Amino acid sequence: MIKLHIRFILNLFICVLLLASCRQKESAVSSKPEEKSFPVGYATGFSVHRAAGYMVVEVRDPWDTTKMLQRYVLVPAEKELPSELPQGVLVRTPLKRVVAATSVHCGWLDMLGVREELVGVCESRYIDVPFVKQGLEVGQMIDIGEAAAPDVERLIELAPDGMITSPLSNAPYGRVEKTGIPQVKCVDYMEPTPLGRAEWIRFLALFFDREALADSLFAETVKAYEEVKALVREVKECPTVVMEMKYGGMWYVSGGQSYMGCLLRDAGAAYCWADDAHAGSFPLSFEAVFEKGGEADFWLIKYNRAEELGYDGLRKEYAPYANFEAWKKRHIFTCNTGVVSYYEEVPIRPDYLLKDFVKIFHPHLLPDYRLRYYRKMKEE
Amino acid sequence: MKYRIWGGIVLLLVLLFAANLFLGSARIPFRAVLGILVGEEGEKTAWTYIVWQTRFPQAVTALFSGASLAVAGLMLQTVFANPLAGPSILGIDSGASLGVALVMLLCGGTVGAVTVGLTFSGYVAVVVGAFAGAALILGLIIFFSTLIRSNVMLLIIGMMMGYIASSAISLLNFFATAEGVFSYTMWGMGDFSGVSAGQLPFFCGILSVGLLLALLLMKPLNALLLGERYAGNLGINVRRVRVVLLISTGLLTAVTTAFCGPIAFIGLAVPHIARLLLGTSNHNFLLPVTMLCGAVIALLCNLISVLPGSAGVIPLNAITPVLGAPVIIYVIVNQRKIQYFH
Amino acid sequence: MSAADLTIGYRTGRRVTRVHEHLSFRLYPGELTCLLGANGMGKSTLLRTLAASQPALSGELLLEGRPLSHYSEKERSRRIGMVLTDKTQAGGLTVYELVALGRQPHTGFFGRLHRQDHVRIAEALEAVGIAHKAQSYTAELSDGERQKVMIAKAVVQECPLILLDEPTAFLDVVSRIEIMDLLHKLAVEQNKAILLSTHNVEQALVLADKLWLLSQERGLQCGVTEDLILNHRMDSLFGRPDIQFDYAHGVYYPIVHGCRQIVVESEDDTLLHWTVNALNRRHYACVQSIPDNTSLPSLRASAPDRLLLNQSGKTTLCSSFEELLSLLVN
């Protein structure tokens, strides 16, 4: 028991040390002496200030980092409303009835043990989380339509006290905003680092009074991640990697400072675009990708199709693919996201994906590990 | 005078074709490309591969696609006596897209990856599907043209049919996965890189058939400038000409759309460019020049799309309207002064 | 061309509209024939049937002894030429190119022109008098010039029969006369049979060798111009009681319902005609002198500037029609 505590504190300490060397610290301390700080180690998209009787959570606008996307003022339901509250969306915690717009967040709710509170979801056909499937079957939760355009009437009928959304830059949830239902805007997908994204579970937990649980889950994640990362520290040879495929005339390539770029670096790979400055992905022509990545040691492809993709199929799709070294040497690994729970698990457990990568690039470091998402591409 | 124009266009064509081989997203030195073209082994095998396996097929695709779409547009404009007719406006390429989408759905796979798991007979299936879709819409347009006198109304009907075809495709996409939708969206942006070196003979072969049919129609098209009654009086079997035209236009539009996605504006604007350049509506000159101009414009657009180099790629359908729309606007505004409008 | 018991009309779906039935006629080379008739009488339908653009409903239509329907398109294109009022897209073609299109029935697959073709085109351009504009765009021509170009095109087709649908519509008087003259010349000099429909009655009566009168009651009446006129066929052409044909002057004019009468005398026929014209316009019916009815006003016209008006007992000598008309009681 105590050991756990010590470990926990130790890990927090490591976090604090690490963040001093790589990421900007985002824990603002207010002038009031009673406030406790809430250190947010990895995520750059949200910050938390505690005050007497309430908590202020600010979500930064990831598309214009000088602006704020939303400020939430969280007041526990059983306490009285303090007389002076800062401006922001008032939320009485914990939320009792929520609607989740994406399957990723359904997964997080599951981890936080927030199950009965979920009364509605969007696009239920894409959600694979068991308790959601069950809930839909028994009618405990309903599908309110497309995430981009939910059925507002049904939403109002449900009378939730919060909706968890993933807003896109130029598609404000206009109609939903007008209903007055507080939107918990999770822009976790805009985080450029894996641990940063995973930390958003702590953000979500604040709304359900599950801070402690989230903190410990996150700490576990951080620990696991760092452990795997530590394995590759001694590695001398970093194999080169190229990712994904072209669609139409464009091949979307993740930038060097993007989520994927960071993950690959942590996995001990030399991503072909490691020195690129983009924090997201950008389109290139086949030629440009071939020039830089044609000789890469490994090629990782994610796709979502009914049939599995094989070497032959890849060549038939576009003959020049067969000229990649990785194709010729049979070093391609694929992940069919329709079959494995990639998008449900990876945001919250980037260490799983990191392990897969390390296993692929440096198999001797994880001899007993079996690949979870990727597998060797089959012949045809 | 006319021969100077010919010479100029052919020269431009050769230059742009060469430019498409020498310039691209990857920076390959001029000397290296030259060496690769004459058969030397390049410094990097990647370069040899890029020049012969991606740039060359892309340039040839652009050349043939541009010529085909331009000629299809010219024929439609003459037959419907409508200077604003074109394969995209009349909804013909939407019909072709629908044909492709249906074939892809039936054969499994996603729309947009034309050759997913396809053998030679697979390509043929896709092209047949595209042709059927294009011919269907074209046939409907011809049918409506017998009922409706007004040119503008016919254009609007064409647009309506294009919308119907597009909505049918959207419905099909509804059943597709997110990736399928994404794939289709990307395909809709148009690109000339979809034809690999191995598919090139098939692609160029079929388009050549369509282009040849068009050349055979030069004389009837000239007669049709006078209207159907005069044309009939001059000995043209208007019905037969219509059928040949349907086959030719359908083929040209269907194959380019199936392999390159729907490309807007080339069919609409290039015939006008050719007419303004030549100063005549005489198809004996106009048709070949339209072909060449179409090829030139397509090669130019292809070049522009790779201009950003390692920073990215501009989708084709973002470039063609920028070149094509001003031409159309110019023609409409200067209607009075332009001879062939009367 | 000849026809016997021809019925012309058109089919729309199930409905069959018979425009005219039991028509019989002949067209001969070397003659200019004018088709006259009111609007909507079926002139265009008849022309279209003759040109094989529209099938006849029943009856026999022969061209040079063979039924028209037995001719192939190519053969027809070398026998029948047409000039219509259709709008074309040919504005971007030069005059030369447009006329050259008329050679299509005689040229090969790609329509390439040989020396013989160029000779014919030059001749046709000369014949219609538009050679000086050979390199201009047809969009730049006046209406009259454009008609000449279309006629040149028909000439270049080298057809023994040419059909024209209202070739002089929209033309001014000078152009009208020019065109009609040209057509007559072509018919005679090149030994062609030319049939044209027109509203230009005056010119038609002068220049047409034969007239075809198409009317609702009488159907088609064919004959030499003077025969038809002097057999009083012109009256019934329009079938309207208030329109009459002036046999002396060859024009149609509206019948005057005079509310007043006036006695008119003159030795000069021309002066008499125009005096009556002016008086009719004022709704005065003109009668010749009746000695016993002296209450009527009378007018004696000796010269255009000597008009003696006797009205209500007063006699005035007018020196112009203007003066005369201002004095007339309305």
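Me: The expected span of a helix is 1.5 Å times one less than its number of residues. This is a predicted model, in which local features need pLDDT of at least 70 and side-chain atom pairs 80 or more, while totals for chains, interfaces and linings use all residues. Residues are numbered from 1 along each chain as written, with chains lettered from A and ligands numbered from 1 in written order. How far apart are the end C-alpha atoms of helix H14 of chain B?

Reply: Helix H14 (a DSSP run of H or I, at least four residues; strands are E, at least two; both numbered from the N terminus) covers residues 316-333 of chain B. Its 18 residues should span 26 Å at 1.5 Å a residue, and the separation of its end C-alpha atoms agrees: 26 Å.

Me: Against which helices do the buried residues of H14(B) pack?

Reply: B:Leu316, B:Ile319, B:Thr320 and B:Gly324 are buried (20 or more other C-beta atoms within 10 Å of their own, placed from the backbone). The buried residues of H14(B) pack against chain B helices H12 (266-278) and H13 (283-305).

Me: Which strands stand at the edges of the sheet in chain A?

Reply: Four strands form an open, mixed sheet in the order E1-E2-E3-E4, strands pairing if DSSP finds at least two bridges between them. Two strands of chain A each have a single partner, so one side of each lacks a neighbour in the sheet: E1 (46-51) and E4 (89-93).

Me: Which residue of E3(A) stands opposite A:Val56?

Reply: Strands E2 (54-60) and E3 (68-76) of chain A run antiparallel, joined by six bridges. Opposite A:Val56 in E3(A) stands A:Val73.

Methods:
A residue is buried if 20 or more other C-beta atoms lie within 10 Å of its own, exposed if 12 or fewer, and partly exposed in between; C-beta atoms are placed from the backbone. Two residues are in contact if their C-beta atoms, placed from the backbone, lie within 7 Å.
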